Amino acid sequence: MLSSFKRSFSNLASVCALSPLLSVWDVTVKYKSYEKFFVTARNHMPVLSNDTTSVHPHARRTYQVVVAATRDMGIGKDGKLPWRLPSDLKFFKELTMTTSDPGKKNAVVMGRKTWESIPLMYRPLPGRLNAVLTRSGSFSITSAENVLICGSIQSALELLSEAPYGSSIEKVFVIGGGQILRETLNAPECDAIHVTEIETNIECDTFIPAIDLSLFRPWYLSQPLVENNIRFSFATYVRARNLSTRTPAASSELERNGSSNFNKFEAKSFTFLPKFIFERHDEFA
C-alpha cells in the first residue's frame, strides 16, 4: 500500500509544476503525514503465521480439573476430605506431576483454603508450580519458590500463558476447593475432568455442580476399588471437540453408528491428556 502511494505522490508532484493552486510543499507535507499513518498501521497489523503454538499476549491457558467427589458431588466436610484413600493420593500425584517434556513442569491451581489444608510439610506441592488464588491482601507465603499468588482464576490463567510460564509449564490442573471448582468445572477453558468417583455414601457439607454431560464425554472409567471400606473408581471426562469441523463423511458415519466412532474421529484431539490417561481410552472403548 505504501509503495503504491509513493508512485501516486510522484505523479502528483509532477502535476504541481503545472498547477498554480497546488504547491509541492503542500503535497510533501500531506505525503509525510500519510506515510507516517501507513507505516504506523503496517507496524500494528497482526502477523499471520502457521505457528499455532504461539500464545496471544492476553490469552488464557486451558486447564484440567482434578477432584474426588461422591455421587451427589460432595467433596468435603469441615474443610477436610472425609475419606482417606491412599490410591487416590497416588493417582493425584502421578496425574499432576507427569509431563511428556522432562524440562517442563505442571501447575496446580488452588484456593487459599485448599492451600492451608495441605499439611505444612507437604506445601508447596513438590515438583509443581503452585498457584494460590486469594483476594486477601494480607495473605502471604514465606517461601516464594514454586508459588504464585493470584487474585482470580482468570488472572492465574493469563499469567500462566505469559513468559516464562507459557513455555515452561506443560499442563495446568485446577484442584480445589469448592468455590474454585464451582467456577471452573464446566467453564469453556476446562478441557478435561479427572474425578475419583466415591460410590460409598459419605456425609459432606461442600458440594460442586454435576459434570455437564452435554459438554463432556467419558474417556475412561476404571474398575471399582475398595480402600478403608470405601468403594470408588477413577474416571476421566473430556470436552467434546471438533463437532463443527467434521467432514460430511465423518458426520454421516457418526450418525449411522453413534458414539462408537468417538475413537475414530476425535481421539487424536485429546493428546493434551497425560500420556497414561490418554492410553487408557483404548481400555475403556
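**Stop 1: the largest pocket**

Select residues 178–184. This is helix α7, which gives the most to the lining of the largest pocket, with 6 residues. Keep in mind that you are looking at a predicted model.

Now find the space itself. The largest pocket holds about 1,700 Å³. Its lining has 49 residues, and the closest to the centre are Leu 81, Thr 114, Ser 117, Ile 118 and Ile 175. Show those five to mark the middle. Then colour the lining by class: 21 residues are nonpolar, 16 are polar and 12 are charged.

**Stop 2: the largest nonpolar core**

Stay with Ile 175. Together with Trp 83, Met 110 and Trp 219, Ile 175 is among the residues with the most contacts inside the largest nonpolar core. That core has 33 residues. Several elements each supply at least two of them, including β1, α3 (86–97), β3 (105–111) and β6 (169–176). Strand β11 (230–239) is also on that list. In fact, β11 gives the most to this core, with 4 residues.

Which residues does Ile 175 touch, not counting residues up to four places away in sequence? Select Val 66, Phe 92, Val 108, Val 109, Met 110 and Leu 125.

There is also a second, separate core of 32 residues. Tyr 63, Val 65, Ile 153 and Ile 169 are included in that second core.

**Stop 3: Gln 64**

Go to strand β1, residues 63–70, and pick Gln 64. Is Gln 64 buried or exposed? Its relative accessible area is 4%, under the 20% cut-off, so Gln 64 counts as buried.

Look at the Gln 64 side chain. One of its polar atoms lies 3.5 Å from the backbone oxygen of Phe 272. Leaving aside residues up to four places away in sequence, Gln 64 touches several others, among them Lys 171, Phe 173, His 194, Phe 272 and Pro 274.

**Stop 4: Thr 206**

Next, select Thr 206 in strand β8, residues 206–207. Thr 206 is partly exposed, because its relative accessibility of 25% falls between the 20% and 50% cut-offs.

Add Asp 205. Its side chain makes a polar contact of 3.1 Å with the side chain of Thr 206. Now add Asp 78. Thr 206 and Asp 78 are 128 residues apart in sequence, yet their C-alpha atoms are 8.3 Å apart in space.

With residues up to four places away in sequence left out, Thr 206 touches Met 73, Gly 74, Ile 75, Gly 76, Gly 178 and Arg 182.

**Stop 5: Met 73 and Asn 228**

Met 73 was one of the residues that Thr 206 touches. Select Met 73 in the loop between β1 and β2 (74–76). Check its backbone: phi is positive, about 65°, although Met 73 is not a glycine. Met 73 counts as buried, at 12% relative accessibility.

Jump to Asn 228, in the loop between β10 (225–227) and β11. Asn 228 is not a glycine, but its phi is positive too, about 50°. Asn 228 is partly exposed, with a relative accessible area of 48%.

**Stop 6: two cis peptide bonds**

Where does Pro 124 sit? Look in the loop between α4 (112–117) and β4 (128–133). The peptide bond from Arg 123 to Pro 124 is cis, with omega near 0°.

Finish at Pro 164, in the loop between α5 (153–161) and α6 (165–168). A cis peptide bond joins Ala 163 to Pro 164, with omega about 0°.

How values were computed. Residues numbered from 1 in each chain as written. Predicted model: local features only at pLDDT ≥ 70, side-chain atom pairs only at ≥ 80, totals over all residues. Heavy atoms only, no water. 1 Å grid on protein atoms, 1.4 Å probe; cavity = no way out; pocket = protein on both sides within 12 Å on 5 of 7 lines; lining within 4 Å. Points joined across faces, edges and corners; volume = space filled by probe spheres on them. Nonpolar A, V, L, I, M, F, W, Y, C, P; charged D, E, K, R; others polar. Buried < 20%, exposed > 50% of the residue type's maximum accessible area, 1.4 Å probe, protein only. Polar contact = N/O pair within 3.5 Å; in protein donor to acceptor, adjacent residues only side chain to side chain. Contact = heavy atoms within 4.5 Å. Core = buried A, V, L, I, M, F, W, Y, C linked by side-chain atoms within 4.5 Å.
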